[in-house]
Amino acid sequence: MITNKSVLAWIDEMKTLVNPDNVVFIDGSESQLEELRAQAVKSGEMIKLNEDLLPGCYLHRTAVNDVARVEGRTFICSKKEEDAGPTNNWMEPKKAYEMLFNIAKGSYAGRTMYIIPYSMGPVGSEFSKIGFELTDSIYVVLNMVIMTRVGQEVVDALGDSEDWIKGLHCKCNIEEENRYICHFPEDNYIISVNSGYGGNVLLGKKCFALRIASFLGKNEGWMAEHMLILGLENPQGEIKYIAAAFPSACGKTNLAMLIPPEKYRKLGYKVWCVGDDIAWMRIGSDGRLWAVNPENGFFGVAPGTNENSNPNALAATRKNTIFTNVALNLDNNTVWWEGLDKNPPKNALNWKGEKWDYTKYDKADKVNTSGAHPNSRFTAPAVNCPCISSEFNSGKGVPISAIVFGGRRAKAAPLVYQSRSWQNGVFVGSIMASETTAAATGAVGVVRNDPMAMKPFCGYHMADYFGHWLEMGKKLGDKAPKIFNVNWFRTDDEGNFIWPGFGDNMRVLNWILARCEDKVDAVETPIGYVPNIDDLDIEGVDVSEETLKELLTVDKDVWTKETENIAKFYEQFGDRLPKEIKDEFEGLKNRLK
Ligand code: GTP
Ligand code: SPV
Ligand code: MN
């Protein structure tokens, strides 16, 4: 039950606008959720999977035109256009509200309005923030229940406070041409219409925990980042924490849950997952940077997840999980996706729900010939993950030793390098570029600039965001985490990955932590410090010394070309680009001469 006046007033206003047949408050009770699941199965919105093999699991298919985030239809509606900056779409708030309310008007007719009170971060922790999402989708309710902390306790924690985030979601008729994901950072308001896909409609995730939160963080002196958080435990039982920002579908979930190579496991190394997608970071009373994962589950990429690549993620999906847009095995009522195993089901439906013939699979036309959509996902509770950190529910967070940037680069970026300083590290993050993936609509495999993996998620002017990073560094001083860049995706001339990746990425993490503790030297290059060939352990992996050398090469010609791209990218920021970033860029160009 809600008694908070500001919440009640808004819900009333929205009720009048969207005109639902019923209103249901989501209290977080299991009995209520069971009823909703049964209802969704009855209406066909979800398919109940094999209770023996996948207990509590369901399959959902989105509309065929609604399978990924829509960056072209995502807007930051700040009062001034310049505050959204050149990397965001902008709409004037008054115009945006008018248009959105017009679309939303009456759209719940014949439907139920679900009121979801949710907390990003452990309920009641200082770090946490509360939102209310109104939706006409049971799928959204059931996903939000996994991805965030939902229910009466959230309402109780809020009390009479007016410090909460408004979120209105209307499925409408899932019309692409009327799809809008709009953010009003100055009003703590999110409105999403005409979509039913995760990143567009689970408003606690990208919309709140990144776009709105990055804006709040800038004003309040903290950071909201597209980062995984992991703890690496050494044989002495000490755990050091790393936060890493990679663009969408570039390996965060996989790194966050990695299983060390056998040799390291035997020595006692372990990786603990704190988070796989979002980090909220603050400076603690000890002056260090502390990170919390505001989410409560994983909305992970299904394709490629298997017993070898990511056994922890796979294990997390074996119960109480919602699968979206994967293939359905009709013989045993379980799910399948490309890269799960080498036995595609013979009697199956593809992600669109059509009869599927796996022999027709064509790599060049994945969307139409694969069983699972390339951006098919699982929504799994964090508690299901065998390597979930004991600090996962800690409102205080974990202290970060290293920040790692990375992306998909066939050539330019070496396997790993360390920045020269925090300021230089911010520059390194600002020049991140990566090949696009199926996580957003549009072409796949095109290199684009994606600073700090936040291009689609920064809720304000990107140049001011760089400035905020610089400010944080000044406050952290010598307690600032060291900043690195990695690239698991270097390829040979035939396009094959030359680094084994996955669990073996732990070898790189070890070097990173050794650098943080001043235990190893490094080789200086124009872009930063790379490992001495002998300091990166490749014993037991199929990587020759020659390949390792190539992986660590910084090619001056390639990087000189890269500076042309950087210059072009920076142009749009004009005078708003911080001087420190310009200086770092000049420094790089000089070192490349
Ligand atoms: P979002 O949830 O979209 O933010 O993505 P993410 O960064 O969590 O990506 P995820 O870990 O799900 O990885 C996406 C894809 O990259 C999967 O198909 C993985 O199999 C693949 N991948 C992850 N790590 C590696 C790696 O070390 N090497 C290679 N070659 N592929 C990887
Ligand atoms: C991403 O695209 O970065 C995701 C998935 O993590 S979504 O929630 O759809 O944005
Ligand atoms: Mn993500």
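## Helix α5 and its cap

At the N-terminal end of α5, serine 137 acts as a cap, with a side-chain oxygen 3.2 Å from the backbone nitrogen of tyrosine 139. A quick word on what we're looking at: this is a predicted model, in which local features need pLDDT of at least 70, side-chain atom pairs count only at pLDDT 80 or more, and totals for chains, interfaces and linings use all residues. Residues are numbered from 1 along each chain as its sequence is written, chains are lettered from A and ligands numbered from 1 in the order in which they are written, and side-chain values use heavy atoms, leaving out hydrogens and water.

Back to α5, which covers residues 138-147. Helices here are DSSP runs of H or I with at least four residues, strands are runs of E with at least two, and both are numbered from the N terminus. Ten of the ten residues of α5 are buried, so the helix is largely enclosed by the rest of the structure. Buried means under 20% relative accessible area, exposed means over 50%, and partly exposed is in between (1.4 Å probe, protein chains only). Among the buried residues are Ile138, Tyr139, Asn143 and Met147.

## Helix α14 and its surroundings

Now for α14, which runs over residues 462-476. This helix has 15 residues and reaches 21 Å from its first C-alpha to its last, close to the 21 Å expected at 1.5 Å a residue. That expected span is 1.5 Å times one less than the number of residues. Most of α14 is covered, with eleven of its 15 residues buried; they include Tyr465, Phe466, His468 and Trp469. Just past the helix, glycine 477 takes a positive phi of about 55°.

Ahead of α14 there's glycine 459, sitting in the loop between β28 (447-449) and the helix. Glycine 459 is buried, with a relative accessible area of 3%. From glycine 459 to serine 161 there are 298 residues in sequence and 24 Å in space, C-alpha to C-alpha.

## The manganese site

Which residues hold the manganese ion (ligand 3)? Lys206 (NZ), His226 (NE2) and Asp277 (OD) coordinate the ion, at 2.1 to 2.3 Å. Along the chain, these donors follow the spacing K-x19-H-x50-D. Lysine 206 is in helix α8 (residues 204-220) and aspartate 277 is in the loop between β15 (270-275) and β16 (279-283), so to speak a link between distant parts of the chain, 71 residues apart. Both lysine 206 and aspartate 277 are buried.

Donors are N, O and S atoms within 2.8 Å of the metal (3.2 Å for Na, K and Ca), and since water is not among the atoms, sites may look incomplete. The arrangement is octahedral because the six donor atoms subtend angles of 75 to 173°. For six donors, octahedral requires opposite donors over 155 degrees apart and all others between 65 and 115.

## Ligands 1 and 2

Ligand 1 has 22 residues around it, and Ala249, Lys252, Thr253, Asn254 and Arg377 come nearest. A residue counts as near when one of its heavy atoms lies within 4 Å. The side chain of lysine 252 places an N or O atom 2.7 Å from an oxygen atom of ligand 1, and a polar side-chain atom of asparagine 254 lies 2.8 Å from a ligand oxygen.

Phenylalanine 502 joins in with a backbone N or O atom, 2.8 Å from an oxygen atom of ligand 1. You'll find phenylalanine 502 in the loop between β29 (482-486) and α15, with a positive phi of about 45° although it is not a glycine. Phenylalanine 502 counts as partly exposed because its relative accessibility is 40%.

Around ligand 2, the residues include Arg69, Tyr197, Lys206, His226, Ser248 and Asp277. An N or O atom in the side chain of serine 248 is 2.5 Å from an oxygen atom of ligand 2. For tyrosine 197, a polar side-chain atom lies 2.7 Å from a ligand 2 oxygen, and for arginine 69 the side-chain distance is 2.9 Å.

## Cysteines

How many disulfides does a search of the whole structure find? Zero, where a disulfide is a pair of cysteine sulfur atoms within 2.5 Å. The cysteine sulfur nearest to cysteine 170 is that of cysteine 172, 5.0 Å away. Cysteine 170 counts as buried because its relative accessibility is 0%.

Methods
Four donors count as tetrahedral if all angles lie between 85 and 135 degrees; four count as square planar and six as octahedral if opposite donors are over 155 degrees apart and all others between 65 and 115; anything else is irregular. A polar contact is a pair of N or O atoms within 3.5 Å; within protein, one must be able to donate a hydrogen and the other to accept it, and residues adjacent in sequence count only if both atoms are side-chain atoms.
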